[in-house]
Amino acid sequence: MLVAAFTWGDLWRLALAVFLIAVGLSTAYLLVRLGGTVGRLSALISGVERELLPVINKVGGSVDRVNGQLDKVDKITDSAVDAADSVDTAVRAVSMAITRPVRKLSGFATAVSYGASDFKAKRDWRHAVQAGKEAAARRERELLEELHDAGDKT
């Protein structure tokens, strides 16, 4: 009679109970596996932390040493710039000291050349002297302009 009293509603309730037991067992198995994974992840994180912190400390020390060396290089480059400025000042001083005599000598050579040519052509001493002076002044101005142009190009 037990079979006759078993209805479709009872079958449905039995299937639901079996399903819920299977879901509960599966969830329990999943949670156990998830717990193991979390444990391994925790061990990995603590191992990485244990290994990585000394490396970070070493890198920090290395960066500090590199910064010290860069400070030294900075001082060296500052010294090199100061030396280059000193050399530039010295070269400019020598250049200024030499420029005037060279201009005068060039003007004198031009004056003699033009004066001699003018004297040879016109046989007038005063005119030859005046032509030589004008040529010397013109040559000194041209040389000064050439020196300024050369200085502007650098």
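**Exercise 1. Is phenylalanine 119 buried, partly exposed or exposed?**

Solution. Start with the model itself. It is predicted, so local features need pLDDT of at least 70, side-chain atom pairs count only at pLDDT 80 or more, and totals for chains, interfaces and linings use all residues. Residues are numbered from 1 along each chain as its sequence is written, and side-chain values use heavy atoms, with hydrogens and water left out.

Step 1. Fix the classes: buried is under 20% relative accessible area, exposed is over 50%, and partly exposed is in between (1.4 Å probe, protein chains only).
Step 2. Take the value for phenylalanine 119: a relative accessible area of 32%.
Step 3. Conclude: phenylalanine 119 is partly exposed.

**Exercise 2. Find the aromatic pair and name its geometry.**

Solution. Step 1. Apply the rule: rings of Phe, Tyr and Trp (its six-membered ring) pair if their centres lie within 6.5 Å. Planes under 30 degrees apart are stacked, over 60 edge-to-face, and the rest tilted.
Step 2. Count: the structure holds one aromatic pair.
Step 3. Identify the partners: phenylalanine 119 and tryptophan 125, with 5.8 Å centre to centre. Their planes stand at 80°, and the pair is edge-to-face.
Step 4. Check the cover of the partner. Tryptophan 125 has 60% relative accessibility and counts as exposed.

**Exercise 3. Work through the salt bridges of helix H1.**

Solution. Step 1. Recall the general idea: side chains of opposite charge can pair when their charged atoms come close.
Step 2. Set the cut-off: a side-chain nitrogen of Lys or Arg lies within 4 Å of a carboxyl oxygen of Asp or Glu. By this rule there are four salt bridges.
Step 3. Know what a helix is here: a DSSP run (H or I, at least four residues), numbered from the N terminus.
Step 4. Take aspartate 10 and arginine 13. Their side chains meet in a salt bridge at 3.9 Å, N to O. Both residues lie in helix H1, three residues apart, about one turn of the helix. Aspartate 10 is partly exposed at 30%, whereas arginine 13 is exposed at 54%.
Step 5. Take lysine 122 and aspartate 118. This salt bridge also spans 3.9 Å, N to O. The partners lie in helix H1, four residues apart, about one turn of the helix. Aspartate 118 has 11% relative accessibility and counts as buried.

**Exercise 4. Which residues are linked in a network of salt bridges?**

Solution. Step 1. Begin with glutamate 142 and arginine 139. They form a salt bridge, the closest N and O atoms being 3.8 Å apart.
Step 2. Place them. Both lie in helix H2 (residues 125–153), three residues apart, about one turn of the helix.
Step 3. Read their exposure. Glutamate 142 is partly exposed at 37%. Arginine 139 is partly exposed at 24%.
Step 4. Complete the network: Arg139, Glu142 and Glu146 are linked.

**Exercise 5. List the members of the negative patch and of the nonpolar patch.**

Solution. Step 1. Set the rule. Patch residues have over 30% relative accessible area and no salt bridge; like charges are joined within 9 Å, and nonpolar side chains (Val, Leu, Ile, Met, Phe, Trp, Tyr) within 5 Å. Asp and Glu count as negative.
Step 2. Name the negative patch: Asp71, Asp74, Asp78, Asp82 and Asp85. Aspartate 78 lies in helix H1 (residues 8–122) and is partly exposed at 42%.
Step 3. Name the nonpolar patch: Leu41, Leu44, Ile45, Val48, Leu52, Leu53, Val55, Ile56, Val59 and Val63. Together they have about 880 Å² of accessible area (Shrake-Rupley method, 1.4 Å probe, only the protein chains shown counting as cover).
Step 4. Look at one member. Leucine 44 lies in helix H1 and is exposed at 54%.

**Exercise 6. Where does arginine 123 lie?**

Solution. Step 1. Locate arginine 123 in the loop between H1 and H2.
Step 2. Check its backbone. Arginine 123 has a positive phi of about 60° although it is not a glycine.
Step 3. Check its cover. Arginine 123 is exposed, with a relative accessible area of 62%.

**Exercise 7. State the C-alpha separations of two residue pairs.**

Solution. Step 1. Take threonine 77, in helix H1. Its C-alpha and that of alanine 131 are separated by 55 Å, with the two residues 54 apart along the chain.
Step 2. Take alanine 84, also in helix H1. The C-alpha atoms of alanine 84 and lysine 120, 36 residues apart along the chain, are separated by 52 Å.

Key
The place of a charge is taken as NZ of Lys, CZ of Arg, CG of Asp or CD of Glu. Helices (H or I, at least four residues) and strands (E, at least two) are DSSP runs, numbered from the N terminus.
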